[in-house]
Amino acid sequence: MTNDNMVQLAVNTIRTLSIDAVQTAKSGHPGTPMALAPLVYTMWNRVMNFDPQDPIWPNRDRFVLSNGHASMLLWSVLHLTKTQAVDAEYENLGHPSVSLDDIRRFRQIDSRAPGHPEYHWVSGVETTTGPLGQGVATSVGMAIAQKWLASRYNKPGFPIFDYNIYAVCGDGCMMEGIASEAASLAGHLGLDNLCWVWDNNHITIEGDTNITFTEDVAARFLAYGWNVLRVGDANDIDRIEHALGVFRKTKGRPTFLVLDSHIGWGSPNKQDTPEAHGEPLGEAEVKLTKRGYGWPEDAQFLVPGGVYDHFAAGIGQRGATARKNWTQLFTAYRAKHPDLAAEIEQMQRRELPAGWDRNLPSFPADAKGVAGREASGKVLNVLAQNIPWLLGGSADLGPSNKTALTYEGAGSFQADTPGGKNLHYGIREHAMGAVVNGLSLSKLRGYGSTFFIFSDYARPAIRLSALMELPTIFVFTHDAMGDGEDGPTHQPVEHLASLRAIPGLVTLRPGDANEVVEAYRYIMQLRHEPAVLALSRQPLPTFDRSKYAPAAGVAKGAYVLADAPGGNPEVILIASGSEVCLAVEAHEKLVAEGIRSRVVSMPSWDIFDHQPKEYRDSVLPPNVKARIAIEQASTFGWERYVGDGGRMIGMQTFGASAPLKELQKKFGFHPDRVVATAKELLGRQ
Ligand SMILES: Cc1ncc(C[n+]2csc(CCOP(=O)(O)OP(=O)(O)O)c2C)c(N)n1
Ligand SMILES: [Mg+2]
């Protein structure tokens, strides 16, 4: 067989596996894999440095399928390249990531070929995609990470990190706002390690894009400062390879490759139709299409002889050689730069360097106190010096969020200073969320920050963080009505409830400066969970920890901060964040009146819910039914802690524009109300 025929056979294997998988599942997206098989073939078998034997080799090129509905492209190519499975502890499991059986069971329970690419589930998937636009935006974080890694770790003669990031996307990704935010940032930063390929097929679900999407996309990317290339025929493998070569030679700008394609290519009746996007072709059409490809009509899930070998001879060999050379290079590097090599190894395993928590501040008791955001800024500045690969920034609110790293040498990440640790995301919260994910997928410890109210703007990316089990960090300040005069547009109400509802996301709302320290101590040790910090704008009293319990209780999610003399409480006040001091004030009044009250500081529902029952019952004894939750946020969900016999002091409406003190009065956040509520519950008016 000639090489050309072999290439065609390999491409058609990707196509027919995709067709058969969707047909068997009776659901899925055949058309885009049929059209993009030549692209993915070219990227994987001719261009990318990726070793199927070690899909987590640190210097591999990254492949992001942003149009995640075309997942069969990825399952086909992971299968045909015999990419190996690794587990969450980064151990090679000795079996393929995606078997032919998985593909036969596409979209079925437990199959390693799910509907969309899932990072935590299938080895070889670099990021979870499906929500359109997320993949390309995440790829910008990956590109930032590569630049940063290269800047810190590459030394003369040691190009330890010189990989590229490829992302494939469709019309949907191009329409989504997050992609525009991310493309603008990538252009500004001149990320020449980044290549997006846009599948320009003029088709989305509702039909031809002439009903929705008629802008000049190429001109838009030129304006963003990208190099724009075009290949007019998605079947032209040599042109695609050439364009990707141009990308690799292009310096100072990311590359945007417009690839004109025909969805459902080769299907006599479905090509160029929206039906090819998201419906099985149908038995009869499958046969017609296979006939057109010169494929046996009745064969299913066929991998013809020679196809596995063809991939082994292409990406298999190239990847193995690249990894072998790199491993040798890294051995020499370790001899010459042992400290840097150790950092790389720790980072890859998501471990922390020795002494990562040295010099963390401890705040003395102080009635006036410290704002949560202030304490956070101090802690971040210590941690970032102890953990070289901790980096991040804010979406243009750095001075308010107090996230700037101000120590000597921290630097700002820009095109000409890629070693900087202060990222400036610009006013692009959604892209920021995805960029933080991209940093984390590259094993950096990334954080992003904005006002808590605007966490909504980043929420889809935060959700993916949790789904991917990434230890990302989101620092959200101005967490309640502390910015008073800004009014209800800036006062979060439902945000805590909505973030607490995301499975696996650790949400923490610390009650004083020392709780902020402990919150960070907890977060830094996470390896598979993202964390959100909700921090106050205004100063909160720093509790006297010789009088009250130590802040280390934060690590249990909730703890008894103050108790009735001798314990045995009759009423429990549960609060988080800025309302903890309110609870303590009320508690002191109650105790003075002989009422046995207890204050539970509850910075994190999620952490508390994961404690053993004995601990939870010791904090919230089941027999004490008089409980009051106090939180300047929606009361939604607090029933679970206060029970039927309890009360909730929270928000039932939006806030208002006024000084904080007025708002506290208007919305009932004052000690007298808490005291009165406690007495009412106990029947002691
Ligand atoms: C954020 C988001 N909105 C909507 C969807 C549902 N959806 C999946 S694919 C698709 C159309 C995508 O069109 P295009 O990107 O052109 O893909 P093609 O059909 O060309 O492969 C839509 C609306 C989604 N996955 N994500
Ligand atoms: Mg399309």
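Here are three short exercises with worked solutions on this predicted model.

**Exercise 1: the five-stranded sheet**

Find the order of the strands in the open sheet of five strands, then work out which strands sit at its edges and what packs on it.

*Solution.*
- Step 1. Trace the strands across the sheet: the order is β1-β4-β5-β9-β8, and the pairing is parallel.
- Step 2. Look for strands that pair on one side only; these edge strands are β1 (62-65) and β8 (227-231).
- Step 3. Follow the sheet from one strand to the next, and you will find a twist that averages 20°.
- Step 4. Zoom in on the β8 edge. Here β8 pairs with β9 (residues 255-260) in the parallel sense, over five bridges. In this region V228 stands opposite F256 of β9.
- Step 5. Now add the helix. Helix α2 (residues 31-47) packs on the sheet and touches β1, β4 (165-169), β5 (194-200) and β9. The direction of α2 makes about 175° with that of β4.

**Exercise 2: the surroundings of ligand 1**

Describe the shell of residues around ligand 1, and list the polar contacts that L132, N201 and H277 make with the ligand.

*Solution.*
- Step 1. Start with the residues: there are 15 around ligand 1, and T32, H69, G172, N201 and H277 come nearest.
- Step 2. Sort the shell by character, which gives five nonpolar, eight polar and two charged residues.
- Step 3. Check the contacts, taking pairs of N or O atoms within 3.5 Å. From the side chain of H277, a polar atom lies 2.4 Å from an oxygen atom of ligand 1. The side chain of N201 has an N or O atom 2.6 Å from an oxygen atom of the ligand. For L132 the backbone is involved: one of its N or O atoms lies 3.0 Å from a nitrogen atom of ligand 1.
- Step 4. Consider how much is covered. On its own, ligand 1 has 590 Å² of accessible area, and the protein covers 74% of that.
- Step 5. Finally, ask which elements give two or more residues to the shell: they are α6 (171-175) and β6 (203-204).

**Exercise 3: the six-stranded sheet**

Give the strand order of the open sheet of six strands, and explain why one side of β12 and of β15 has no neighbour in the sheet.

*Solution.*
- Step 1. Read across the sheet: the order is β12-β11-β13-β14-β16-β15, again with parallel pairing.
- Step 2. Count partners at the edges. β12 (422-424) and β15 (506-508) each have a single partner strand, so one side of each is left without a neighbour in the sheet.
- Step 3. Note the twist, which averages 20° from one strand to the next.
- Step 4. Look at the partner of β12. Strand β11 (residues 390-394) pairs with β12 in the parallel sense over three bridges, and S394 stands opposite H424 in β12.

Methods. Residues numbered from 1 in each chain as written. Chains lettered and ligands numbered in written order. Predicted model: local features only at pLDDT ≥ 70, side-chain atom pairs only at ≥ 80, totals over all residues. Heavy atoms only, no water. Pairing = 2+ DSSP bridges. Helix = DSSP H or I, 4+ residues; strand = E, 2+ residues; numbered from the N terminus. Axes fitted to C-alpha atoms, helices over the stretch in contact; angles between N-to-C directions. Contact = heavy atoms within 4.5 Å. Near = heavy atom within 4 Å. Polar contact = N/O pair within 3.5 Å; in protein donor to acceptor, adjacent residues only side chain to side chain. Areas by Shrake-Rupley, 256 points an atom, 1.4 Å probe, with all protein chains shown as cover. Nonpolar A, V, L, I, M, F, W, Y, C, P; charged D, E, K, R; others polar.
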